[in-house]
Amino acid sequence: MDTLRGNGVRMDSIVSILLLVVFSTVSAQIRYSIPEEMRKGHFVGDVAKDLGLDVKRLVSGRARLVVDDNNQYVALNQNKGHIVVFERIDREKMCAKKSPCSFSLEIVLEDPLELFSITIEIQDVNDHAPAFPKKEINLNISESMPTGTVFLLDSAVDPDVGVNSLQSYSLKANKYFVLKPHTRADGSKYAEMMLQTGLDREEQSQHTFVLTAVDGGEPQRSGTVKIHVTVLDANDNGPVFTQSTYKASVLENVLRGAVIARVSAVDLDQGYNGNVTYFFTHIGDDSPCPFDINAHTGEVKLAGDIDYEITPYYEINLQAKDPWGVAGASKLVIEIIDVNDNRPVITLASYSGKISEDSAPGTVVALIGVQDKDSDKNGQVHLSIDGNLPFTIKSSLRNYYTLITQHDLDREKCSEYNITLTATDEGVPALLSSKTVFLEVTDVNDNPPAFSQSIFNTQLLENNSPGVSVLRLHATDRDQGQNARISYFLVDSEISGHPASSYFSINTESGVIQALRSLDYEQTKYYTIHVKAQDGGSPPLSSNVTVKILIQDQNDNPPQVLYPVQTGGSVVGEMVPRSADVGYLVSKVVAVDVDSGQNAWLSYKLQKVPDRALFEVGLQNGEIRTIRQVTDKDPVNQKLTVIVEDNGQPSRSATVIVNVAVADSFSEVLSEFTDFKHDKEYNDNLTFYLVLALAVVSFLFITCLVVIISVKIYRWRQSRILYHSGLPVIPYYPPRYSDTLGTGTIPHMYNYDMCRTTDSRKSDTKFMPPICQSLLSVDGTGNENQQIKEDTSVLSYTSTLQKPPNNDWRFTQGQRPGPSGPHMPYGTHIRWTPKNGKRATGGPEVAMGTGPWPQPPTEAEQLQALMAAANEVSEATATLGPGTMGLSTRYSPQFTLQHVPDYRQNVYIPGSTATLTSNPQQQQATAQQATQQALPPPQATAQVEPPKAAQTPASKKKSAKKEKK
């Protein structure tokens, strides 16, 4: 065996590959030839190159091999496109003596479907040596056996075929026997040994020869067997078969024990020498014979299983021997008759189980393989399916069929198919096999949503609340999954010039239509909208439906009287002559109701009908007629109140007053009728307005009284607190407020305290002057002119002169309780600094330190001011004397009691050098002194007025309001 393996390896390099490519209309067929016993992974052929395919096509098409047998001897390498050996191949095991030995397989590619047939022929290698079934052959030959007698020898068995099979026999040279080789019809060889020289038992009773069987392989192999010849005593005649060849035929399904044939041989000897026995020869151990022969009768019976598909015929060597070993030879040929005993086998070479419903006719659904091991007509198979299905079978290649679509598919009609494949052969009786496959039809979006009707009518009561549900639409889609998911939308349209989406909305999921506003029947009696139902497919499909919404009327409008017309300043009157007959038409009340139906049915009646009524009104037509003759007792002026009522639930009504004058001429009742009417209406209106005015005035009076009392109480409590403290009032400004207090020589009545937020520095402030004011002006020559200006319509006043403080108001630096404060010219515009803290420079006042404080006084400054004020109070109290109240010596001698700052009557300005007093004489003197001090020398230029800030619209409005106040 080691030699065999070595020879097989050496043959790998010298074996050529036989490639035969045959193209057909369906696919290509390739034939490869490889030797047997190749190792696993050995290269067989380059399929991609031989078929002209790209390796990528093999990968993308999921190429695979489909073999007929269960044994997979080769495999496909998709990455290289090669077919390699997958399992060691033993030709003798696969095909026995069959030559040539080959097996077929198919390569299946998908997307698109392609089929390629491949036949691989297995070449025989000389891996077996001829072998004899027995180690020794024993022959008993009578010495009287004539020359030329032939003795059949056991044949050697070589499983190889062709040149590697048994080729010849050789016998060692001797003088008694010569070897005669023969060839059977199947090509097998056997040998006969012929006696060429008579034997002499007395001379030599035993002979031994060596028979050699040689094959034709490279290297050559051989097998030997020893032949032992025993020379017997004379037996002149040997058995002779009646036929040189016996032939018989038998069905492959015959039962065991059946007699297949009967053979016979005749021995001319008599007695014991004429007894003949029968034997089979040429039976190898590797192929047991399924037949048995009766040694005495020559009947050949079936002893085993026979199968036409495995061995179609048998050729058996027969031998008949007499008791002395004299033998006669013949042969028996048994032909196996095929019967239809194999059912077709259905295999699915390619099948996905799903197909899209939009597949065109002719689309391949599956590739089906059908195999039948029988031969001839028994092996011819037809594949069919149910004719009611939209599919058909088409023959593809050899035993392969394709299942294709024959008609268009519709998943909505049939979403799945159970396809029964039936394979039937042509045997008698015919055998069939079936296989059911399940095919699912996948959905495509080919059905739009459908409504149950094209127009939907619904009703909605007017004056509905917004958001009320009007109608629920439902559409169906025969598709499935996402293709059947329906969304609802309003189609863009207009209703009375407005988009429909401003009146109604629809829920995209549920299809519920809702009213977005309250609807009025009198404005629009019905609405027509269009709704689109769209599925979720790609591309989406949709369908539209019309929805007509009828508005139902409600009794929400009272009757409207068209005649007589009721106006606020006119009186409608009718005149009835005293000679009027019964049924005289006085007037007719005409009214309408914008509602419809029963809600618009109007009825007329009189209100407060007296016992002796002169008039009546028609219930349906509203005609006012007399019901009796006019008498002298009937008043001239009569007022008829007609009630017009509709028939709704609840009913609504309107009233109209008809004044009727019972007179023969219009002049008789004109004045009376007119005065009565106007006086009545005037008195009613006047009473109403008087009551309303009294209520408003009373409410305002009480409100003002409460506010004034609250303010008075608050101020009284504040003054009591300051009075008991004994300290001067030093105002404190919050951190976000700025002091705008002005100082100067102006009287106390013209000083203002202002506390404003720092954010208000961007606005302007304007102060109002008094109605009558004494002014000091300086003309161009520097003279003082005093003028009095009285004007009650003055809205604003601005002085450009700053009056310096008089001397009697000044304190020394030590007496000042706080830092020098600013003083602002009276009546000037004040511009606040911006938030960034940078203050624009103004005129001389700013340079002199007369502008507003940069920031409010700190706690230290407030404490310092309080301490200074307390010291002054204590010193003044300690030095009070007659007439002088004990003034400190720090004051000038000319100061009297009136010059002492009185904290109860005077106002001390914190951070300033001035103390304002309320003494009129002192004010006048102070004003004159200040005027003199304020006059500049003749050569000095006039004081420049600081620039005024531009007024914003907000400041203008505020100033205008202040001026009006």
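The following questions and answers go through a predicted model of one protein chain.

Visitor: How many helices and strands does the secondary structure of the protein chain come to?
Guide: The model is predicted, and its local features are counted with pLDDT of at least 70. The protein chain has 965 residues. Its secondary structure comes to nine helices and 60 strands.

Visitor: What percentage of the residues in the protein chain is buried?
Guide: A residue counts as buried when its relative accessible area is under 20%. The accessible surface of the protein chain comes to about 54200 Å², and 53% of that surface belongs to carbon and sulfur atoms. Of the 965 residues, the buried share is 40%.

Visitor: Among contacts with a separation of 6 or more, what percentage comes from residues 24 or more positions apart?
Guide: A contact here means heavy atoms within 4.5 Å. For contacts in the protein chain with a separation of 6 or more, the share from residues 24 or more positions apart is 67%.

Visitor: Is Glu 36 buried or exposed?
Guide: Glu 36 sits in the loop between strand 2 and strand 3. Leaving out residues up to four places away in sequence, Glu 36 touches several residues, including Ile 89, Arg 91, Ile 122, Val 125 and Asp 160. Its relative accessibility is 1%, so Glu 36 counts as buried.

Visitor: What distance separates the C-alpha atoms of Glu 36 and Gln 123?
Guide: Gln 123 is one of the residues that Glu 36 touches. Along the chain the two are 87 residues apart. Their C-alpha atoms are separated by 5.9 Å.

Visitor: How many salt bridges does a search of the whole structure find?
Guide: A pair counts when a side-chain nitrogen of Lys or Arg is within 4 Å of a carboxyl oxygen of Asp or Glu. Glu 37 and Arg 88 form one such pair, with their closest N and O atoms 2.2 Å apart. Over the whole structure, the number of salt bridges found is 17.

Visitor: How many residues apart in sequence are the parts that Glu 37 and Arg 88 tie together?
Guide: Glu 37 and Arg 88 form a salt bridge. Glu 37 belongs to the loop between strand 2 (28-35) and strand 3 (43-46), while Arg 88 belongs to the loop between strand 6 (82-85) and helix 4 (91-95), so the parts they tie together are apart in sequence by 51 residues.

Visitor: Which residues are joined into one network by salt bridges that share partners?
Guide: One salt bridge runs between Glu 110 and Arg 64, whose closest N and O atoms are 3.1 Å apart. Glu 110 lies in the loop between strand 7 (101-109) and strand 8 (114-123), and Arg 64 lies in strand 4 (residues 64-67), so the pair ties together parts 46 residues apart in sequence. Glu 110 is buried at a relative accessible area of 14%, whereas Arg 64 is partly exposed at 27%. The network formed by salt bridges with shared partners consists of Arg 62, Arg 64, Glu 110 and Asp 111.

Visitor: Is Arg 411 buried or exposed?
Guide: Arg 411 forms a salt bridge with Asp 443, the closest N and O atoms being 3.0 Å apart. The pair links distant parts of the chain, 32 residues apart. Asp 443 has a relative accessibility of 15% and counts as buried. With a relative accessibility of 9%, Arg 411 also counts as buried.

Visitor: Which strands are the edge strands of the open sheet with the order 46-50-49?
Guide: This open sheet has three strands, and the pairing is antiparallel. Strand 46 pairs with strand 50 (residues 623-626) over three bridges. An edge strand pairs on one side only, and here the edge strands are strand 46 (585-588) and strand 49 (615-617).

Visitor: Which residue in strand 50 is the bridge partner of Ser 587?
Guide: Strand 46 and strand 50 pair in the antiparallel sense. In the sheet, the twist averages 20° from one strand to the next. The bridge partner of Ser 587 in strand 50 is Ile 624.

Visitor: Which cysteines does a disulfide join?
Guide: Two cysteine sulfur atoms must be within 2.5 Å to count as a disulfide, and by this rule the count is one. The S to S distance is 1.8 Å, and the link is right-handed, with 65° about the S-S bond. Both of its cysteines are buried. The disulfide joins Cys 95 to Cys 101.

Definitions and conventions. Residues numbered from 1 in each chain as written. Predicted model: local features only at pLDDT ≥ 70, side-chain atom pairs only at ≥ 80, totals over all residues. Heavy atoms only, no water. Helix = DSSP H or I, 4+ residues; strand = E, 2+ residues; numbered from the N terminus. Buried < 20%, exposed > 50% of the residue type's maximum accessible area, 1.4 Å probe, protein only. Areas by Shrake-Rupley, 256 points an atom, 1.4 Å probe, with all protein chains shown as cover. Pairing = 2+ DSSP bridges. Axes fitted to C-alpha atoms, helices over the stretch in contact; angles between N-to-C directions.
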